[in-house]
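Here are some notes from going through this one, written up as numbered points. Have the viewer open while you read.

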Amino acid sequence: MRPVLILAALSPLLMGQGLPRPLCAYGEGLSALRDVERQSALPVPGVTEGRARGEVVVSALQNAAGIFSGCGCPRLAELTREAVLVAQSAPSEASVARLSQVFSQIRFRAQLVREQSERQGCR
């Protein structure tokens, strides 16, 4: 019982150090970003497949933004929501070339968020 009390007392101090809240799914958010980067780097075989992949990526980014927000990481959540805005066009794009461009932008933004988390932690 004491470790819980100590952790609760230190929680506000830890948040100031760029650490996520205890018991949040911060690692799952980072894992989602890595998956988005990986999926966005794949070639787009066709419009239908690209649109479907776009829907998956949008969902993954929205989930990651929710995780970061719930963990008390407002900057990471904000950056991830910016990536969502870019990704939202993918499910309605009409050409493979345009889908490839959108996925390139998504990959760049997801990488930016992940690198931000590595540099400054949960902020």
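1. Starting with cysteines: both Cys 73 and Cys 122 are buried. A disulfide joins the two, at 1.8 Å from S to S. The pair connects distant parts of the chain, with Cys 73 in the loop between α3 and α4 and Cys 122 in the segment after α5, 49 residues apart. The torsion about their S-S bond is about -100 degrees, so this disulfide is left-handed. Keep in mind that the model is predicted.

2. There are 2 disulfides in the structure, and the other is formed by Cys 24 and Cys 71, with sulfur atoms 2.2 Å apart. This pair also links distant parts of the chain: Cys 24 sits in the loop between α1 (2–16) and α2, Cys 71 in the loop between α3 and α4, and 47 residues separate them. Here the S-S torsion is about 110 degrees, so the disulfide is right-handed. Burial differs at the two ends: Cys 71 is buried, at 1% relative accessible area, whereas Cys 24 counts as partly exposed at 25%. Counting bonded cysteines along the chain, the pattern is 1-2, 3-4.

3. Next, helix α2. It covers residues 26–41, 16 residues in all, and spans 23 Å from first C-alpha to last, close to the 22 Å expected at 1.5 Å a residue. Its buried residues are Tyr 26, Gly 29, Leu 30, Ala 32, Leu 33, Val 36, Glu 37 and Ser 40. Viewed down the axis of α2, they fall within an arc of 155 degrees, so they line one face of the helix. As background, an α-helix has 3.6 residues a turn, so residues three or four places apart point the same way.

4. What do the buried residues of α2 pack against? Their partners are α3 (47–70), α4 (74–87) and α5 (96–120). On the face of α2 turned away from the buried side you'll find the exposed residues Glu 28 and Arg 38.

5. Glu 37 deserves its own point. This α2 residue is buried, with a relative accessible area of 12%, and it forms a salt bridge with Arg 114, the closest N and O atoms lying 2.5 Å apart. Since Glu 37 lies in helix α2 and Arg 114 in helix α5, the pair ties together parts 77 residues apart in sequence. Arg 114 counts as buried too, at 16% relative accessibility. Leaving out residues up to four places away in sequence, Arg 114 touches Leu 33, Arg 34 and Glu 37.

6. Arg 114 has another acidic partner: its side chain meets that of Glu 118 in a salt bridge (2.9 Å, N to O). Because the two are 4 residues apart in helix α5, about one helical turn separates them. Glu 118 is exposed, with a relative accessible area of 57%. Through shared partners, salt bridges join Glu 37, Arg 114 and Glu 118 into one network.

7. The structure holds 6 salt bridges, and one of the others is worth a look. Glu 82 and Arg 109 pair at 3.7 Å, N to O. They link distant parts of the chain, Glu 82 in helix α4 and Arg 109 in helix α5, 27 residues apart. Glu 82 is partly exposed at 30% relative accessible area, and Arg 109 is partly exposed at 30% as well.

Notes
Residues numbered from 1 in each chain as written. Predicted model: local features only at pLDDT ≥ 70, side-chain atom pairs only at ≥ 80, totals over all residues. Heavy atoms only, no water. Expected span 1.5 Å × (residues − 1). Buried < 20%, exposed > 50% of the residue type's maximum accessible area, 1.4 Å probe, protein only. Arc of directions from axis to C-beta. Contact = heavy atoms within 4.5 Å. Disulfide = S-S within 2.5 Å. Salt bridge = Lys/Arg side-chain N within 4 Å of Asp/Glu carboxyl O.
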